[in-house]
Amino acid sequence: MAKKLVVLDPGHGGKDPGAVGNSLLEKEITLMLARRVAKRLGFYDVAVKLTRDDDTYLSLEARAQIANNLKADYFLSIHVNAGGGTGFESYIYNGPVSTLSVSYRSIIHSRIATFLKNYGVTDRGEKTANFQVLRQTTMPAALIENLFIDSAKDAALLKDEEFVKGLCDSITAGIVQALKLSPLPAEPAPGPQPTASPSPTWDPQQEVEKLKQAGLLANDHPASAAVTWGELATVLNRLLKLIPKN
């Protein structure tokens, strides 16, 4: 059975910075969130693609086309809001949509909103809109607006590492629950490594004793003693006598 494929769409990029406020750029936040969610989804039986994985400009049509060409099972566009408000909201297309678009979005929205409630972030609700990436994608799709970049309170949260970690965890959890993704099996712990057989101990004096027992040496010789040419010749001649002649 083929893996389900999720396409994550970090909003804006390149020449299009998106919303700007409180020393933050929407295009940078969306890419950071998408990368982190993709990494977390790596622990599940699912394939993940990003419409962009760097600071590249893509048209809205190109983003939808990427997901369509890949025949993705789900498309999630990640954004940060602006305009004087505060809080979180999500969107699906305001025209005809599948029941999966509705149910997937509700599950993901609920998981994110539950997390944000711990930080007092306003849940602005599940909404519909005629966004091009939602209108032109052929699979279940949603767009999430994660806080307001021009709100000092929201921007402070988007700069907080612990908050960002929890936000990415909640987005991931929503996708996992909605698409009923299974965790990948844990890799087995490495077993005990075979112990190498100890190298045999070399006893030089024992080697000398073996030559004596074989009749190649007549007398005891210290293993560390020097050998004269005469002694060597004697050993070799005795060895030649033991070699059978053809």
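## Helices and a buried lysine

Helices here are DSSP runs of H or I with at least four residues, numbered from the N terminus. K27 lies in one of them, helix α1. The model is a predicted one.

Is K27 buried or exposed? Its relative accessibility is 11%. Buried means under 20%, so K27 counts as buried. Leaving out residues up to four places away in sequence, K27 touches G11, H12, G13, G14, D16, P17, R52 and D55.

## From K27 to D55

One of those contacts is also a salt bridge. K27 pairs with D55, and the closest N and O atoms are 3.1 Å apart. K27 sits in α1, which covers residues 26–41, while D55 sits in the loop between β4 (46–50) and α2 (60–70), so the bridge ties together parts that are 28 residues apart in sequence. The two partners can be set side by side. K27 is buried at 11%. D55 is partly exposed, at 47% relative accessible area.

Why can such pairs form at all? Side chains of opposite charge can pair when their charged atoms come close.

## Helix to helix: E161 and R36

How many salt bridges does the structure hold? There are ten. One of them joins the side chains of E161 and R36, with N and O 2.8 Å apart. This pair links distant parts of the chain. E161 belongs to helix α6 (residues 161–179), and R36 belongs to helix α1. In sequence, 125 residues separate them.

Both ends have some exposure. E161 is partly exposed at 48% relative accessibility. R36 is partly exposed too, with a relative accessible area of 23%.

Salt bridges can also join up into a network. Here R40, K165 and D169 are linked in this way.

## Strand to strand: E89 and R124

E89 and R124 form another salt bridge through their side chains, 2.6 Å from N to O. Where do the two residues lie? E89 is in strand β6 (residues 88–93) and R124 is in strand β7 (residues 123–129). They are 35 residues apart, and the pair links distant parts of the chain. E89 is buried, with just 4% relative accessibility. R124 is partly exposed at 33%.

The strands themselves also pair. β6 and β7 run in the parallel sense, over six bridges. Within that pairing, the bridge partner of E89 in β7 is G125. How does the chain get from β6 to β7? The path goes through helix α3 (residues 99–117), and this β-α-β crossover is right-handed.

## Two residues with positive phi

H12 has appeared already, as one of the contacts of K27. H12 lies in the loop between β1 (4–10) and β2 (20–21). Its phi is near 65°, a positive value in a residue other than glycine.

L147 also has a positive phi, about 70°, although it is not a glycine. Where is L147 found? It is in strand β8, residues 141–148. L147 counts as buried, at 0% relative accessibility.

## R135 and its surroundings

R135 has its place in helix α4, which covers residues 132–135. Its relative accessible area is 35%, so R135 is partly exposed. Apart from neighbours within four places in sequence, R135 is in contact with Y93 and N130.

Sequence separation and spatial distance can be read together here. R135 and E61 are 74 residues apart along the chain. In space, their C-alpha atoms are 9.8 Å apart.

## A nonpolar patch on the surface

Which residues form the nonpolar patch on the surface? They are L232, L236, L239, L240, L242 and I243. Together they have about 530 Å² of accessible area.

Take L239 as one member. This leucine lies in helix α8, residues 229–242. At 37% relative accessibility, L239 counts as partly exposed.

Conventions
Residues numbered from 1 in each chain as written. Predicted model: local features only at pLDDT ≥ 70, side-chain atom pairs only at ≥ 80, totals over all residues. Heavy atoms only, no water. Salt bridge = Lys/Arg side-chain N within 4 Å of Asp/Glu carboxyl O. Buried < 20%, exposed > 50% of the residue type's maximum accessible area, 1.4 Å probe, protein only. Pairing = 2+ DSSP bridges. Right-handed = clockwise from strand over helix to strand, strands pointing away. Contact = heavy atoms within 4.5 Å. Patch = residues over 30% accessible without salt bridge, like charges linked within 9 Å, V, L, I, M, F, W, Y side chains within 5 Å. Areas by Shrake-Rupley, 256 points an atom, 1.4 Å probe, with all protein chains shown as cover.
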